[in-house]
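Colleague: I should be grateful for a close look at one part of this structure, the second largest pocket. Please explain each term as it arises, and place the pocket within the chain as a whole.

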Amino acid sequence: LKPVPNDPSVALEGAKRKGEKVPTDLKLTNAKGEAVALADLLKDGPVVLVFYRGSWCPVCQGSLKKFEQASSEIEAAGGRVFAV
């Protein structure tokens, strides 16, 4: 993975846009150090991926809090939230 630039306009150049699909062969490492494949998560239903810079980022923390507040609605629609 390459680092994300601090300049938001540069960082967003390669970002996915609303409606664009994330490759299902995407593999990430969870907090336990285990590899997790997006394809495996999708077997249990829709997935909401939230990308954040870290616990030190107040904007990211605010975003995660909003997803947490909406989690019951997301789950009622069959989805699950995963923060990366």
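Modeller: The account below begins with the whole chain, turns to the pocket, and ends with some residues of interest.

This is a predicted model, in which local features need pLDDT of at least 70 and side-chain atom pairs count only at pLDDT 80 or more, while totals for chains, interfaces and linings use all residues. Residues are numbered from 1 along each chain as its sequence is written, and side-chain values use heavy atoms, with hydrogens and water left out.

The protein chain contains 4 helices and 4 strands; these are DSSP runs numbered from the N terminus, a helix being H or I with at least four residues and a strand being E with at least two. Read from the N terminus, their order is α-β-β-α-β-α-α-β. The chain has 84 residues, of which 12% are buried; buried means under 20% relative accessible area, exposed means over 50%, and partly exposed lies in between (1.4 Å probe, protein chains only).

The second largest pocket holds about 260 Å³ of space. A pocket is found on a 1 Å grid over the protein atoms alone, as an open set of points where a 1.4 Å probe fits, with protein on both sides within 12 Å along at least five of seven lines; lining residues have an atom within 4 Å of a point. Grid points are joined across faces, edges and corners, and the volume is the space filled by probe spheres set on the points.

The lining of this pocket consists of L28, T29, N30, A31, V36, A37, L38, L41, L49, F82, A83 and V84. Two or more of these residues come from each of strand 1 (27–29), strand 2 (35–37), helix 2 (38–42) and strand 4 (80–83). By type, the lining has 10 nonpolar residues, 2 polar and no charged. Here Ala, Val, Leu, Ile, Met, Phe, Trp, Tyr, Cys and Pro count as nonpolar, Asp, Glu, Lys and Arg as charged, and the others, Gly among them, as polar.

Two lining residues also lead to other parts of the chain. F82 lies 6.1 Å from V50, C-alpha to C-alpha, although 32 residues separate the two in sequence. V50 belongs to strand 3 (residues 47–50) and is buried, at 7% relative accessible area. Beyond four places in sequence, the contacts of V50 (heavy atoms within 4.5 Å) include F82, A83 and V84.

L38 is in contact with T24, as are A39 and L42. T24 sits in the loop between helix 1 (8–11) and strand 1, and is partly exposed at 45%. The C-alpha atoms of T24 and A39 are 5.0 Å apart.

Finally, D40 and K43 form a salt bridge at 3.3 Å, N to O, the term meaning a side-chain nitrogen of Lys or Arg within 4 Å of a carboxyl oxygen of Asp or Glu. D40 is partly exposed at 42%, whereas K43 is exposed at 65%.
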